[in-house]
Amino acid sequence: MASFMLGLTILALLIWVGMLLFWGQFWRADQRLDTESMISLATWPTVAVVIPARNEADLIGVAVRSHLTQTYPGSLSVVLVDDQSTDGTAAAAKEAAGAINQRDRLTVLPGAALPPGWTGKLWAMEQGYRYLAALPTPPDYVLFTDADIEHDVASLRQLVTKAEGDRLDLVSLMVQLRCESVWERLLIPAFIFFFQLLYPFPWVNNPKKQTAAAAGGCALIRFSALQRIEGLQAIRKALIDDCALGAAVKANGPIWLGLSTTIHSLRPYPNLQSIWNMIARSAYTQLNYSPWLLIGTVLGMLLVYLVAPLGVVLGLAWGDPALALTGMAGWLLMALAYWPTLKLYGGNPLLALALPLIALLYTLMTLDSARRHWAGQGGAWKGRVYSDIS
C-alpha cells in the first residue's frame, strides 16, 4: 500500500513539474495591458458599448456611468439591451445617464422574446449587433460587457490602443471579480487560476496555437471581425459564450486575452451557496455533458490536487519519509503555481496551501452541475433554464 501511494505521489509531483514547465506558463498570471507604453493614435476609431442586461437595476447605473465618463478621445456610444427586465433596469440606466448629462449617448433597446435555440445573453448581444449593423455608419469596434462591470475611466482607451497597435480582432480582459467576503477570498482567486489552467493565456494570445478564449465581462471586438462570423448566430447555443466567441474570432484573426486590476465586477458572492451556484451553472457544460469526461475530471482533480497532501499525512503517519517528502514537494509546487493569481487578489500567502481543499470544493460543484443537468435544472440563470438547447 505504501509503495502504491508513493507511486501516485510521484506521479502527481511529475504532473505539477510538467504543468509548470510546459503548460503555456499559465500560472504566471502576467498577461496584462502595458498601460505605460500606449501609443497615441492619429485617428481614434468609433466604439459602441453593448450591454446585455436582465434584472440588473441595482448595478446597471454604476456600469453605465463608468462607460459614459470614459476619457476615450474618439466617438463612444452605449447600447443597453434590456432583456425583458421586470425590475426597472432600463429606467435605472436612463437615470444614471441623465444625472451626468449623457442621455443622448445612451440607447436603450427593449429586448425581443427569446427565440428557440438561443441563450438569453447571446440573444441580447445579437440584438445589439443587429441594431449597430443597421446604422448608416456602424462603429469600428464593439465592446461587449456585462451589466455588473465597472470600468476604469481609461479602460476603453487602453483596449483600443492594444487592438490597433497589435492589429487584433479581439481584445478581452478577465475583470477583477469581487473578493470581499470570506468565501470570495477563499474561492474566487482559484476560479481565475482554474480558468487560466484550462485556457493558458499565452497560448490564447499566440496566433500559432489553437487555444482560444475570451472573458465575457470585457471583450472589445473589431466590427468587421464580428461581421465575418455573422454576429452571434454561429455561437447562439453556447452557455460558455465568452470562450465560444473567442474561438469563433480566432478562427479568422488574432486575439488577445489578459487580466485586469482596474476593471471590476460588482457582482457579490457573499456565501458559499452563491459561488456554488455560479460554478454549478456551467461546469458540466465545460465537459460537453459527457459522463466519461466527468469521471476523468474527478479522477484527475483527485490525483493532481489531493494526492500530494494525502501523501504528506500518510507519510507522517506511517513513518515513511520518502512519501512525506514527495507529497510535500508536490504540495509546494501547487502552492507556488497558485501564488501569482492569489497575489493578484491580495490573498494571504498561506491560502496557497489551501488549494487542495479549494479544488475539492470545485470538484463537488462540478458533480453537482452534472446532477442538475440530469435533473433538467442545468444552466439556470435569471429565471431561465438551459438544460438542453437545440
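**Notebook: Arg-54, the sheet and helix 10**

I started at Arg-54 and found a polar atom of its side chain 3.1 Å from the backbone oxygen of Asp-83, which fits a polar contact (N or O atoms within 3.5 Å, one able to donate a hydrogen and the other to accept it; residues adjacent in sequence count only if both atoms are side-chain atoms). I note that this is a predicted model, where local features need pLDDT of at least 70 and side-chain atom pairs 80 or more, while totals for chains, interfaces and linings use all residues. Residues are numbered from 1 along each chain, and side-chain values use heavy atoms, without hydrogens and water.

Arg-54 sits in the loop between strand 1 and helix 2 (57-68); helices are DSSP runs (H or I) of at least four residues, strands (E) of at least two, numbered from the N terminus. Is Arg-54 buried or exposed? I found it buried, meaning under 20% relative accessible area with a 1.4 Å probe, protein chains only. Arg-54 has no salt bridge (a side-chain nitrogen of Lys or Arg within 4 Å of a carboxyl oxygen of Asp or Glu). The nearest side chain of opposite charge, Asp-83, is 4.3 Å away.

Next I looked at the sheet. It is open, with eight strands in the order 3-2-1-4-7-6-8-5 and mixed pairing; strands pair if DSSP finds at least two bridges between them. Strand 3 (106-110) and strand 5 (149-150) are at the edges with a single partner strand each, so one side of each has no neighbour in the sheet. Strand 5 runs antiparallel to strand 8 (255-265), joined by two bridges.

Last, helix 10 (272-280): its buried residues include Trp-276 and Met-278.

Notes: Buried < 20%, exposed > 50% of the residue type's maximum accessible area, 1.4 Å probe, protein only. Lys, Arg positive; Asp, Glu negative; His and termini not counted.
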